[in-house]
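Let's look at two things in this protein: an open space between its atoms, and a pair of helices that pack together.

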Amino acid sequence: REVHYGKNITLSFLTLQELKLRSDGFVPSSHVQLLRFALDLLAPTIQQTLHSTTQEDESTKYATSLDQKHHDSITAQSAPPLTAIFTTVMCSLLEHSLRILWCQVNNRPDDCFARPSEYYVTLDGHGQRFKHEVMILPYLSDEKTRNELIRVIGAEPCALLSDLFAAPSAEAPNIRSAVCHGSWDGELVNELEGLGATSKTSSGDSRKSDPLLVDAAFALVSCLDMITSNLSGKTRISIYRPVYTYTAMATRSLDRFVRDLAELDALVSTNFSIANCIKTMELQQPKLCGDLRPLKIDLKALKEMAYDLFPTMEKGDDENWIVEDTFSEHQTNLALASNIVVLTLLADASDAIKKYLDGVQERIDVLSMHPSSTKDRRILKTTTRFCSAAMIVRDFYTFTVYVALVTMKDHSQNELRNDGGSPYDATKKKFDREDIVRASERSRMTLSTFDSHIGNNLDRSLKALQQYLQGKAVKKVLLAK
């Protein structure tokens, strides 16, 4: 959404001018010329083809005419795309402007400048947050003082900045790091060589920027627009929330798991053929099925536990991300950073139940077939075996998610930054911390084995599950359930 919004701004001369004027109060006077260079000359080269639609409204016609003249001016110069240069410039502009604002609102004037033997205030560097200030973290480095920048520019711009510059996910763009550490050096060299080419050579230049770099450029434009709109008092309507934080990744996994679990429950309760398959498993494996009964967890109870641990998970898609959400999520981010096994287990469980649900849905028609050959009978037998594990899958996979959530809940309160309360109450200890961590690790290993073999060697999956149930740490979690 923000990429699309930034693209629309970039494609319009008038909107770019409005953004430039609005940014004059945010970007320091020393960098205004750099701002104009970025928005007037570099931004229009990112997309060589601007929209040109005919509107009935005269003011819109005038705006479109100006946009077209601007487009024609750029095209006449045969400017190649300068996306990497634009992204580099925008990173510097945003970081320096935010640094000055951060120093003002947090009463830290000395941090505006680089000083010998002192760490600089930066946009990223979450891994070294105890050595220097990171301007978009909710707390200052003393871990107690709230960062006033969050309140001043707004929670949604901060969420976007975090995703763009300081997210822990491997899928996050981490733009500043990518630019500074050479990820786009090839693009930069090509663009600089293009600028040095003759007019004749440039006119035939059909180079296009890397799509990921183009998206990053548009996102930076949208980010600048969101920040300056909020600072000017004309808040832009935007519903943005973190995408690449630990909490965002965990809640996505939980959302997917809960959705697929509900679908599997509905399938088991309404499909007669699958119900018969499950009865067959209960007759063939009475002890295992009996041992699994304590693992059963109600879907409603699981959701309530998840909502208690992750308060922002309950926010609707149309609800704004507010300042208190930022601080609440920060607590769960810290807890997950200290319990990566929880994040991995949630993701693995989500993937595993989706894979099994898809497998059942692909095979379900086979259960009603009337085999007329040895091959058909073999297919029916294999399918029946696969579907017979539906309740075992349901209860085991749900229990692994429960273990992950208990691990989170049991996380020591002194490892959290507490600002008048934590996202959840401390758990009454019914087992040692070592027990629950071991149970989480064991759950992940068994889940991996079970999921890998359920389609082609169900007996091996069931054996792994039987061994899992005999583990001391798992038994302690079961007793405390």
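Here is a short tour of the largest pocket and then of one helix pair.

This is a predicted model, where local features need pLDDT of at least 70, side-chain atom pairs count only at pLDDT 80 or more, and totals for chains, interfaces and linings use all residues. Residues are numbered from 1 along each chain as its sequence is written, and side-chain values use heavy atoms, with hydrogens and water left out.

The largest pocket has a volume of about 450 Å³. A pocket here is an open set of points on a 1 Å grid where a 1.4 Å probe fits, with protein on both sides within 12 Å along at least five of seven lines. The volume is the space filled by probe spheres set on the points.

Its lining has 21 residues, and Val3, Leu164, Pro173, Asp215 and Tyr244 lie nearest the centre. Lining residues have an atom within 4 Å of a point. Helix α11 gives the largest share, 5 residues. The lining splits like this (Ala, Val, Leu, Ile, Met, Phe, Trp, Tyr, Cys and Pro are nonpolar, Asp, Glu, Lys and Arg charged, the others polar):

| Class | Lining residues |
|---|---|
| Nonpolar | 15 residues |
| Polar | 1 residue |
| Charged | 5 residues |

Now the helices, which are DSSP runs (H or I) of at least four residues. α19 (residues 390-409) and α21 (residues 458-469) pack at about 45 degrees, with axes 13 Å apart. They are therefore oblique to each other, a word for angles outside under 35, over 145 and 65 to 115 degrees. Ile392, Phe396, Phe399 and Val403 in α19 meet Leu462, Leu465 and Tyr468 in α21, with contact meaning heavy atoms within 4.5 Å. By class, that contact has 7 nonpolar, no polar and no charged residues.

Conventions:
Helices (H or I, at least four residues) and strands (E, at least two) are DSSP runs, numbered from the N terminus. Axes are lines fitted to C-alpha atoms, for helices over the stretch in contact, and angles run from 0 to 180 degrees between N-to-C directions.
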